[in-house]
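Trainee: Could we go through this model together before I set anything up?
Mentor: Certainly; please bring up the structure.

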Amino acid sequence: MDWRTNPWVGVGAVVLLVLGIMGIFYFQGGGSKGSSGKAPWKTFQCESTGERFDITTGEIENDKTFFMYADGAPKAYPCRICGGEDAYRVYYCPKCEKWYKYESMMQEDAPGIMCPEGHVIPEENR
């Protein structure tokens, strides 16, 4: 059976090819941002100083950093600025021009979230 006698064989082959190419880019970091490790993975804000810091995709590949920052719970994390345990995951609302603390794990994992003022937060700001 080949694509000349059954067009679904050709369609299936094309779909598998596209999925294979997408898989290669996904597992290799998707280009310069992911492979260089400079793209922010999550942003944290220190409660005592108000300053923010990013954990990058490159840093989160380190086991120690992963276990320190990747559990997803809305809790205090180690702060890289003051050294305390008072950093929280935050997201940015471009309409309010403010940073907001995630209130729950479900909010972080939701396909779409809104700030307290009701503005939809774009994916690149989360």
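Mentor: What follows is a short discussion of a predicted model, beginning with the overall fold and then turning to particular residues.

Trainee: How many helices and strands are there in the protein?
Mentor: The protein has five helices and six strands. From the N terminus on, their order is α-α-β-β-α-α-β-β-α-β-β.

Trainee: And what share of the residues is buried?
Mentor: Of the 126 residues in the protein, 26% are buried. The accessible surface comes to about 8,800 Å², and carbon and sulfur atoms account for 59% of that area.

Trainee: What about contacts between residues far apart in the chain?
Mentor: Among the contacts with a separation of 6 or more, 36% are between residues 24 or more positions apart.

Trainee: Let us turn to the strands. Which strands pair with β3?
Mentor: Strand β3, residues 87-93, pairs in the antiparallel sense with β1 over four bridges. With β4, residues 98-101, β3 also pairs in the antiparallel sense over four bridges.

Trainee: Which residues are partners there?
Mentor: On the β1 side, Gln45 has Tyr88 in β3 as its bridge partner. On the β4 side, Tyr92 is partnered by Trp99, and Val90 stands opposite Lys101.

Trainee: How many residues lie between β3 and β4?
Mentor: The two strands form a hairpin with four residues between them. In the turn, Glu97 has a positive phi of about 60°.

Trainee: Is β3 enclosed or open?
Mentor: Strand β3 is largely enclosed by the rest of the structure, because six of its seven residues are buried. In a regular strand, the side chains alternate between the two faces of the sheet.

Trainee: There is an arginine in that strand. Is Arg89 buried or exposed?
Mentor: Arg89 is buried: its relative accessible area is 6%, and the cut-off for that class is under 20%. A polar atom of the Arg89 side chain lies 2.4 Å from the backbone oxygen of Tyr69.

Trainee: What else does Arg89 touch?
Mentor: Lys42 is one of its neighbours, since the contacts of Lys42 include Arg89.

Trainee: Then what does Lys42 touch, leaving aside residues up to four places away in sequence?
Mentor: Lys42 touches Phe53, Asp54, Ile55, Arg89 and Glu108. Lys42 is found in strand β1, residues 40-46, and is buried at a relative accessible area of 16%.

Trainee: How far is Lys42 from Asp54, by C-alpha atoms?
Mentor: Their C-alpha atoms are separated by 5.8 Å, with the two residues twelve places apart along the chain.

Trainee: Changing topic: how many salt bridges are counted?
Mentor: The count comes to two salt bridges. Side chains of opposite charge can pair when their charged atoms come close.

Trainee: Which residue forms a salt bridge with Glu47?
Mentor: Glu47 forms one with Lys101, and their closest N and O atoms are 3.5 Å apart. This pair links distant parts of the chain, with Glu47 in the loop between β1 and β2 and Lys101 in strand β4, 54 residues apart.

Trainee: Is Glu47 buried or exposed?
Mentor: Glu47 is exposed, with a relative accessible area of 53%, whereas Lys101 is partly exposed at 33%.

Trainee: And the other salt bridge?
Mentor: Arg80 forms a salt bridge with Glu59, and the closest N and O atoms are 2.9 Å apart. This pair also links distant parts of the chain: Arg80 is in the loop between α4 and β3, Glu59 is in helix α3, and they are 21 residues apart.

Trainee: How accessible are Arg80 and Glu59?
Mentor: Arg80 counts as partly exposed at 40% relative accessibility. Glu59 is partly exposed as well, with a relative accessible area of 28%.

Trainee: One last matter. Which residues make the nonpolar surface patch?
Mentor: Trp8, Val11, Val14, Val15, Val18, Leu19 and Met22 make a patch of about 710 Å². Of these residues, Leu19 has its place in helix α1, which runs over residues 7-27.

How values were computed. Residues numbered from 1 in each chain as written. Predicted model: local features only at pLDDT ≥ 70, side-chain atom pairs only at ≥ 80, totals over all residues. Heavy atoms only, no water. Buried < 20%, exposed > 50% of the residue type's maximum accessible area, 1.4 Å probe, protein only. Polar contact = N/O pair within 3.5 Å; in protein donor to acceptor, adjacent residues only side chain to side chain. Pairing = 2+ DSSP bridges. Patch = residues over 30% accessible without salt bridge, like charges linked within 9 Å, V, L, I, M, F, W, Y side chains within 5 Å. Areas by Shrake-Rupley, 256 points an atom, 1.4 Å probe, with all protein chains shown as cover. Salt bridge = Lys/Arg side-chain N within 4 Å of Asp/Glu carboxyl O. Contact = heavy atoms within 4.5 Å.
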